[in-house]
Amino acid sequence: MCETPSIRPTAPELTAAVLGTEIDGDPLTIHADLRNSAPVVWSDDPPIWVLSRHAEVAAVNKDTASFSSASGILPLEIGLVYDEPPSMMHTDPPEHTRLRRAVAAGFRPSRIRELEPAVRKHVDDLVDRLPVNVPFDVVEDLAAPLPLMVMCDLLGLPSSDWRIFWEWSDSVVPGAGELSEDERERLRGGLETLLRDHIRARRQRPSADIVSDLMAAPGDGAPLDDDEVYILLNQLLVAGNETTRNLLSGGLLALAQRPQQWARVRQIVASGDSAALSTVVEEMLRFTTPVVGFMRTAATDTEVAGQLITAGEHVLMLWASANRDEAEFGPDASELVVDRSPNNHLAFGYGVHFCVGAALARLEAELVLTAMSDRFGTLEVAGAVHNSASTVVAGLRKAMLSGDSAVPAGASPGGPR
Ligand code: HEM
């Protein structure tokens, strides 16, 4: 057995890296130190192995047989025992396969295509309301409402309810928002009532939305019962909101900070090159990596980069760090390069748990870049930028941006595209 690495970051720094909290405002520096000096390192508090390089993170992510999701996916779940898995993310095959099949049906390509006109309309409505040459908050005015509106469409609920959903989703993401425990409890209760009522209504009258898809028998498995459907809906709401919000806001902030990259995005949009636009979105995903990292638990004794991980020990896959690994992405790994290719980022995870909503998130990002590029010739930071306190999803609570019109003087920037 190999020795535990002797070069270690100091304990508070490692704890910060594990929990995703900030020290001196820069967790990315801690990640870089880990990659360089201790890519597989033990943290005492919380007790977990921390992986920071692309190669090891991808290998553990892929190896579902050796590394289980059933004992929790976040370090703050260490020691918790569940009667039932709280989400699909907390299951391993074959149970995961049954749930995944049901959920994947709701995200099949034809369903995403059906959603596209509604997503495009939400994007255009939101972007058309952004003022030209006047600062706006890209989180409040665009990145937060859009995924919530889309989620309402996906679930078959009125998209005008998005503000309520924002509060609800904050109530279930640790560290998101500034809510007291009582307030969280009250909001969680409200969400449960609404979703359970919605499930009952769909049992009686199925419709063309994901709730009815989930209720339909998933192929060769048993149909999902109402509790399982409720848990999955709850999970979609959480998994699809803050993540997409931070992709959009973090990506636009990064572009506003880099005028040449923004000019290149506008060139790509104007050219109508859809492959190049996808490349931009992949780079935004890599650069923002909204989900910092998830945990697995060793099911058997396994070696990772020469280090023995003993059965029962926890392992943190730092996706945010893996996505800045120079060994994978080259010397400019810490920069946003909108033409980057190849780009084997891990922002959606890897393997059997690969994000089921990836196509939807990518669609939202492509439509936002297109609409923003049609409206704003320039983009710049124009006021406060506040990071989110979430230890799970890295992102922004507020980011003031401003831009001048993309439309020649005399034409209306708010007019029809
Ligand atoms: C930029 C946006 C998004 C990011 C960065 C993201 C990231 C991730 C990651 C890293 C995982 C892997 C979890 C694991 O390995 O344990 C995941 C899984 C998942 N995501 Fe996303 N996600 C995004 C958007 C969405 C959307 C829009 C939805 C749904 C509406 C969604 C639903 C899910 C679900 C249900 C899973 C669990 C899949 C499974 O366990 O098989 N995500 N996501």
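This report walks through a predicted model of a single chain, from its overall make-up to a few local spots.

**The chain as a whole**

Confidence first: the average pLDDT over the chain is 89, and 90% of the residues score at least 70. The weak patch is residues 1–7, where pLDDT stays under 50. The model still has 12 contacts for that stretch beyond four places in sequence. Where pLDDT is low, though, the predicted coordinates should not be read in detail.

In terms of secondary structure, you're looking at 16 helices and 10 strands. The chain has 417 residues, and buried ones make up 52% of them. Contacts reach well along the sequence too: of those with a separation of 6 or more, 70% are between residues 24 or more positions apart.

**The iron and the cysteines**

If you're setting up the metal site, start with Cys355. Its SG atom sits at 2.3 Å from the iron atom of the ligand and is the only protein donor there. Cys355 belongs to the loop between α15 (326–329) and α16 (358–375). Is Cys355 buried or exposed? Neither, quite: its relative accessibility is 28%, so it counts as partly exposed. Cys152, on the other hand, has a relative accessibility of 1% and therefore counts as buried. A disulfide is a covalent bond between the sulfur atoms of two cysteines. This structure has 0 of them.

**Two helices that cross**

Helix α11 (residues 226–256) packs against helix α13 (residues 274–288) with the axes 9 Å apart and an angle of about 95 degrees between them. Angles from 65 to 115 degrees count as roughly perpendicular, so that is the label for α11 and α13. On the α11 side, the residues that take part are Asn246, Leu247, Gly250, Gly251, Ala254 and Leu255. They meet Met284, Leu285, Phe287 and Thr288 of α13.

**Backbone oddities**

Most residues other than glycine have a negative phi, and most peptide bonds are trans. Here are the places worth a look on that score.

Two cis peptide bonds precede prolines. One joins Asp45 and Pro46, with omega at about -5 degrees, and Pro46 is in the loop between β1 (40–43) and β2 (48–51). The other joins Ser341 and Pro342, with omega at about 0 degrees. Pro342 is in the loop between α15 and α16, which is also where Cys355 is found.

As for phi, Asn133 has a positive value near 65 degrees. Asn133 is part of the loop between α5 (109–129) and β4 (136–137), and its relative accessibility of 52% makes it exposed. Ala305 also has a positive phi, near 50 degrees. Ala305 is located in the loop between β6 (302–304) and β7 (307–309); with a relative accessible area of 53%, it is exposed.

**Links across the sequence**

Some residue pairs are well separated in sequence but come together in space. The table gives three of them, by C-alpha distance.

| Pair | Residues apart in sequence | C-alpha distance |
|---|---|---|
| Arg203 and Asp226 | 23 residues | 9.0 Å |
| Ser66 and Thr300 | 234 residues | 5.7 Å |
| Glu364 and Leu146 | 218 residues | 8.1 Å |

Take Arg203, which is in helix α9 (residues 181–204). Its relative accessible area is 37%, so it counts as partly exposed. Apart from residues up to four places away in sequence, Arg203 touches Met215, Leu224, Asp225, Asp226 and Val229.

Ser66 lies in the loop between α3 (54–62) and β3 (67–68). What does Ser66 touch beyond residues up to four places away in sequence? Its partners are Thr297, Ala298, Ala299, Thr300 and Thr302. The relative accessibility of Ser66 is 12%, which means it counts as buried.

Then there's Glu364, in helix α16. With a relative accessible area of 2%, Glu364 is buried, which may be worth checking when you look at its surroundings. Setting aside neighbours within four places in sequence, Glu364 is in contact with Val119, Leu146, Pro147, Val150, Thr244 and Leu248.

Note on methods: Residues numbered from 1 in each chain as written. Predicted model: local features only at pLDDT ≥ 70, side-chain atom pairs only at ≥ 80, totals over all residues. Heavy atoms only, no water. pLDDT = per-residue confidence, 0-100. Contact = heavy atoms within 4.5 Å. Disulfide = S-S within 2.5 Å. Buried < 20%, exposed > 50% of the residue type's maximum accessible area, 1.4 Å probe, protein only. Donors = N, O, S within 2.8 Å, 3.2 Å for Na, K, Ca; no water. Helix = DSSP H or I, 4+ residues; strand = E, 2+ residues; numbered from the N terminus. Axes fitted to C-alpha atoms, helices over the stretch in contact; angles between N-to-C directions. Parallel < 35°, antiparallel > 145°, perpendicular 65-115°, else oblique.
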